[in-house]
Amino acid sequence: MKWMPTCRETTALASRAMDERLPLSSRMALRLHLAICENCARFNRQLQEMRHLFREETAADDAAAGLAPEARRRIASELHKKLGS
Amino acid sequence: MDTRDAHTWLADHGDYLFRVARRQLHSDELAEDAVQETLLAALAAQARYTGDASPRTWLTGILKHKIVDQIRRQVREVEIPRDADGEEAVDSLFKQDGHWAEPLRPWGNPQTEAELGQLRRVLDECADRLKPVMAQVFSLREVAGMETEEICKELDITPTNCWVLLHRARLFMRQCLELNGFAKAGAA
């Protein structure tokens, strides 16, 4: 019986654990591998960090550019049309 | 039925809505379309806006639906990758026996505005390089925070496909961040 997932399989489990609760056996296998594998433990931490970065970054809506003037005019005129004004 | 309202929306929230859409659709053009559709839909639904939520929250809610519509349209046009190209990229990260081919490097901890700005650019660039369907699923999950079940339903793909796509996208994003200077210099 195969009780220890490879690194490659572990990354799939770690990824899936970001999205849903794993079955108990998978959870145990994941935890076991992470306990003894530095690289996979790091991978797992970086997945969490990445999520944090993305959510945080979405919230911080400064830096990135806004609507181009051309697009803004086009949208304004579409709104005008719709309003019949 | 107030003309001023709609134009205030565009002026006050147009840029914000555009950025939200741009981040998820990875295209200026599609993002502009989504903003326009959102404002037109908002105009039509104005009577139903109760004022409980702020206009921005209300508009963002409508935008989310428009973004999902756009993504659904794109996904219809792109074959969901069963394996082939994506799997090859994953192969290159691991040895035959399933161990990592290269040790993973720890990440830095950006603090200054300049470092954070650099990081945002790298995040955007890496996300832009994901293959289309992968990018959509990844954005809906990690940027928009939708549940996978919801994503599967919206995009009409199986949960297994969804997990495979997310796994690949995360492996790719992690590696892309490391290769683009996000790894801590000199650290083991």
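Visitor: What makes domain 1 of chain B and domain 2 of chain B count as being in contact?

Guide: In this predicted model, nine residues of domain 1 of chain B are in contact with eleven residues of domain 2 of chain B. The word applies because each such pair has its C-beta atoms, placed from the backbone, within 7 Å.

Visitor: Which helices supply the side of domain 1 of chain B that touches domain 2 of chain B?

Guide: At least two residues each come from H1 and from helix H3 (55–77) of chain B. H3(B) gives the most, with six residues.

Visitor: How many residues of each class are on that side of domain 1 of chain B?

Guide: There are three nonpolar, three polar and three charged residues. Lys and Arg, for example, go with the charged group, and Gly with the polar one.

Visitor: How do you know where the two domains of chain B begin and end?

Guide: The bounds come from an automatic or database domain assignment, which gives domain 1 as 3–77 and domain 2 as 84–182. Their C-alpha centres lie 26 Å apart.

Visitor: And the two chains, how many residues of each are in contact?

Guide: Here 40 residues of chain B are in contact with 37 residues of chain A. On the chain B side, two or more residues come from each of helix H1 (3–25), helix H2 (28–44), helix H5 (113–129), helix H6 (132–143) and helix H8 (159–182). H1(B) gives the most, with ten residues. By class, that side has 20 nonpolar, ten polar and ten charged residues.

Visitor: Why is the order of elements in chain B written α-α-α-α-α-α-α-α?

Guide: Chain B has eight helices and zero strands. Each helix is a DSSP run of at least four residues, numbered from the N terminus, so the order reads α-α-α-α-α-α-α-α. Chain A has four helices and zero strands, and its elements run α-α-α-α from the N terminus on.

Visitor: What makes a residue count as buried in these chains?

Guide: A residue is called buried if 20 or more other C-beta atoms lie within 10 Å of its own. By that test, 27% of the 85 residues of chain A count as buried, and for the 188 residues of chain B the value is 34%.

Visitor: What share of the contacts in each chain joins residues 24 or more positions apart?

Guide: Among contacts in chain B between residues at least 6 apart in sequence, 72% join residues at least 24 apart. In chain A, residues 24 or more positions apart account for 56% of the contacts with a separation of 6 or more.

Technical notes. Residues are numbered from 1 along each chain as its sequence is written. Chains are lettered from A and ligands numbered from 1 in the order in which they are written. This is a predicted model: local features need pLDDT of at least 70, side-chain atom pairs count only at pLDDT 80 or more; totals for chains, interfaces and linings use all residues. A residue is buried if 20 or more other C-beta atoms lie within 10 Å of its own, exposed if 12 or fewer, and partly exposed in between; C-beta atoms are placed from the backbone.
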